[in-house]
Amino acid sequence: MATAAVARLDKKWSRELADVQFLVEDVPDLSDWDRDWVPLGRTEPAEAGLPARVVLHRRPIQTRAAGELAMRRLVLDVLVEQVADLLDREPTEIVSGYDDDQ
């Protein structure tokens, strides 16, 4: 599911995303988290010779989505938001239709 969403984004942003690693982790590390909600993903900028990373948190996404179609949409939305953050763009620039049904 995440692979298909990354492939969709890569069609338009292949140059900008060429060195970005996309990962899926079961749950986020909340040890330093001070909010009352659980993040669905995060970005990590490139630093110290390491590539930039976009991370999806599988279990929070599964918990939030009601059904497979909703999960596919949520995975794409989280990826779009994280890539937009990484590229310093608006989510609507990353993929057309992002704000449909928001």
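These exercises work through the helices, core and ring contacts of a predicted model.

**Exercise 1. Compare the spans of α1 and α3 with those expected of straight helices.**

Solution.
- Start with α3. It has 20 residues, and at 1.5 Å a residue they should span 28 Å. The end C-alpha atoms of α3 are 28 Å apart, so expectation and model agree.
- Now take α1, residues 2-17. A straight helix of 16 residues would span 22 Å at 1.5 Å a residue. The end C-alpha atoms of α1 span only 15 Å.
- Look for a bend in α1. There is a kink of about 80°, centred on K11.
- Finish at the end of α3. Just after this helix, D88 takes a positive phi of about 55°.

**Exercise 2. Find which residues of α1 and α3 are buried, and what covers them.**

Solution.
- In α1, the buried residues are A5, V6, L9, W13 and L17.
- Recall the helix geometry. An α-helix has 3.6 residues a turn, so residues three or four places apart point the same way.
- The cover over the buried residues of α1 includes β1 (21-25), α3 (68-87) and α4 (91-94).
- In α3, the list is M71, L74, V75, L76, D77, V78, L79, V80, Q82, V83 and A84.
- Their cover includes α1, β1, β2 (41-44), β3, α2 (58-64) and α4.

**Exercise 3. Describe the largest nonpolar core and the contacts of V75.**

Solution.
- Begin with the general tendency. In soluble globular proteins, nonpolar side chains tend to be buried together.
- The largest nonpolar core here has 24 residues. L9, I61, V75, L79, V80 and I94 touch the most other members.
- Assign the core to elements. α1, β3 (53-57) and α3 each supply at least two residues. α3 gives the most, with 9 residues.
- Zoom in on V75. Leaving out residues up to four places away in sequence, V75 touches M1, A2, A5, L56 and I61.

**Exercise 4. Place K12: is this residue buried or exposed, and what does it touch?**

Solution.
- K12 lies in helix α1.
- Its relative accessibility is 55%, so K12 counts as exposed; the cut-off is over 50%.
- Set aside neighbours within four places in sequence. K12 is then in contact with E93 and I94.
- Check the chain separation. K12 and V95 are 83 residues apart along the chain, yet their C-alpha atoms are separated by 8.3 Å.

**Exercise 5. Classify the aromatic pair and examine the surroundings of W33.**

Solution.
- The structure holds 1 aromatic pair.
- W33 and W37 form this pair. Their ring centres are 5.0 Å apart and their planes stand at 90°, so the pair is edge-to-face.
- Next, accessibility. W33 is at 28% relative accessibility and therefore counts as partly exposed. W37, at 43%, also counts as partly exposed.
- Add the charge. The charged end of R35 sits over the ring of W33, 4.9 Å from the ring centre.

**Exercise 6. Locate H57 and list its contacts from beyond its sequence neighbours.**

Solution.
- H57 is placed in strand β3.
- With a relative accessibility of 1%, H57 counts as buried, because buried means under 20%.
- Exclude residues up to four places away in sequence. H57 then touches E25, D26, V27 and P28, and also P39, L40, G41 and R42.

Key:
Residues are numbered from 1 along each chain as its sequence is written. This is a predicted model: local features need pLDDT of at least 70, side-chain atom pairs count only at pLDDT 80 or more; totals for chains, interfaces and linings use all residues. Side-chain values use heavy atoms; hydrogens and water are left out. Helices (H or I, at least four residues) and strands (E, at least two) are DSSP runs, numbered from the N terminus. The expected span of a helix is 1.5 Å times one less than its number of residues. The bend at a residue is the angle between axes fitted to the seven residues ending there and the seven starting there. Buried means under 20% relative accessible area, exposed over 50%, partly exposed in between (1.4 Å probe, protein chains only). Contact means heavy atoms within 4.5 Å. A nonpolar core is a set of buried Ala, Val, Leu, Ile, Met, Phe, Trp, Tyr and Cys residues joined through side-chain atoms within 4.5 Å. Rings of Phe, Tyr and Trp (its six-membered ring) pair if their centres lie within 6.5 Å; planes under 30 degrees apart count as stacked, over 60 as edge-to-face and the rest as tilted. A charge sits over a ring if NZ of Lys or CZ of Arg is within 6 Å of the ring centre and within 35 degrees of the ring normal.
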